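Dear colleague,

Please find below the structure that I am handing over to you. My findings follow it.

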Amino acid sequence: MKTWWAGLAPRERAILGGGLAVLLVLILWLWVWEPIAKGRADLRSEVAALQADLGWMEQVSDQVRRRAAQSSQAAGASAAGGSVLTLVEVAANASGIKSDIERVQPEGQGARLWFDEVGFDRMIAWLGQLEQRHGLKVSQLAVDARGEAGMVSARVLVEPR
């Protein structure tokens with residue numbers, strides 16, 4: 001290789017040296033600089049999108065806090081608005097599950113309910129409504145399967161939150 005290089009005229013060596021320098025710069029540009037620049041541009045656009053998301057979240061956070069406060073006040077007001085027995089009876093009448101309740105007995109601040117034959121899905125949906133709309137919580141739940149599919153007997157203790 002050295003003999004080949006030495007055999008070239010000075011002008012040819014200058015042309016080949018310049019070509020190699022240009023080729024080296026081109027390779028560095030395409031394989032090093034271009035990926036770094038593209039990654040940097042991608043990161044800038046991602047940061048801009050995340051800043052926009054953050055701005056939106058900051059705007060909405062006040063609304064979320066207000067709604068959370070309102071819902072907790074509404075739950076407290078409904079629990080304070082009547083006894084647990086009254087709330088259970090009103091909710092049972094509204095959902096049509098009152099006929100499935102065998103017995104209701106006050107227990108502490110809450111109420112214990114007995115169901116003999118009730119649809120499991122229907123009872124669970126009703127208990128969910130008691131928690132979400134009336135500010136009550138299910139403290140104890142004992143469920144036994146009955147002969148017919150989906151029918152259960154249950155004992156439930158509901159109390160204020």
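**Aromatic pairs, core and surface**

Trp5 is partly exposed, with a relative accessible area of 35%. Please note that this is a predicted model.

Trp4 is likewise partly exposed, at a relative accessible area of 47%. The structure contains three aromatic pairs, and Trp4 and Trp5 form one that is tilted, with 6.4 Å from centre to centre and 50° between the planes.

Phe115 and Trp126 form an edge-to-face pair, because their ring centres are 6.0 Å apart and their planes stand at 75°, where an angle over 60 degrees counts as edge-to-face. Since Phe115 belongs to strand 2 and Trp126 to helix 4, the pair ties together parts that are 11 residues apart in sequence. Both Phe115 and Trp126 are buried.

The two residues also appear in the largest nonpolar core, which has 20 residues; Phe115, Met123, Trp126 and Val158 touch the most other members. Two or more residues of this core come from each of helix 3 (84–95), strand 2 (110–119), helix 4 (120–134) and strand 4 (151–160). Helix 3 gives the largest share, five residues. Leaving aside residues up to four places away in sequence, Phe115 touches several others, including Ile97, Ile101, Met123, Trp126 and Val156.

In soluble globular proteins, nonpolar side chains tend to be buried together. The surface of this model nevertheless carries a nonpolar patch with about 1300 Å² of accessible area together, and among its residues are Leu20, Leu26, Trp29, Trp33 and Ile36. Leu26 lies in helix 2 (residues 10–80) and is partly exposed, with a relative accessible area of 44%.

Yours sincerely

Key
Residues numbered from 1 in each chain as written. Predicted model: local features only at pLDDT ≥ 70, side-chain atom pairs only at ≥ 80, totals over all residues. Heavy atoms only, no water. Patch = residues over 30% accessible without salt bridge, like charges linked within 9 Å, V, L, I, M, F, W, Y side chains within 5 Å. Areas by Shrake-Rupley, 256 points an atom, 1.4 Å probe, with all protein chains shown as cover. Salt bridge = Lys/Arg side-chain N within 4 Å of Asp/Glu carboxyl O. Helix = DSSP H or I, 4+ residues; strand = E, 2+ residues; numbered from the N terminus. Buried < 20%, exposed > 50% of the residue type's maximum accessible area, 1.4 Å probe, protein only. Core = buried A, V, L, I, M, F, W, Y, C linked by side-chain atoms within 4.5 Å. Contact = heavy atoms within 4.5 Å. Phe/Tyr/Trp six-rings, centres within 6.5 Å; stacked < 30°, edge-to-face > 60°.
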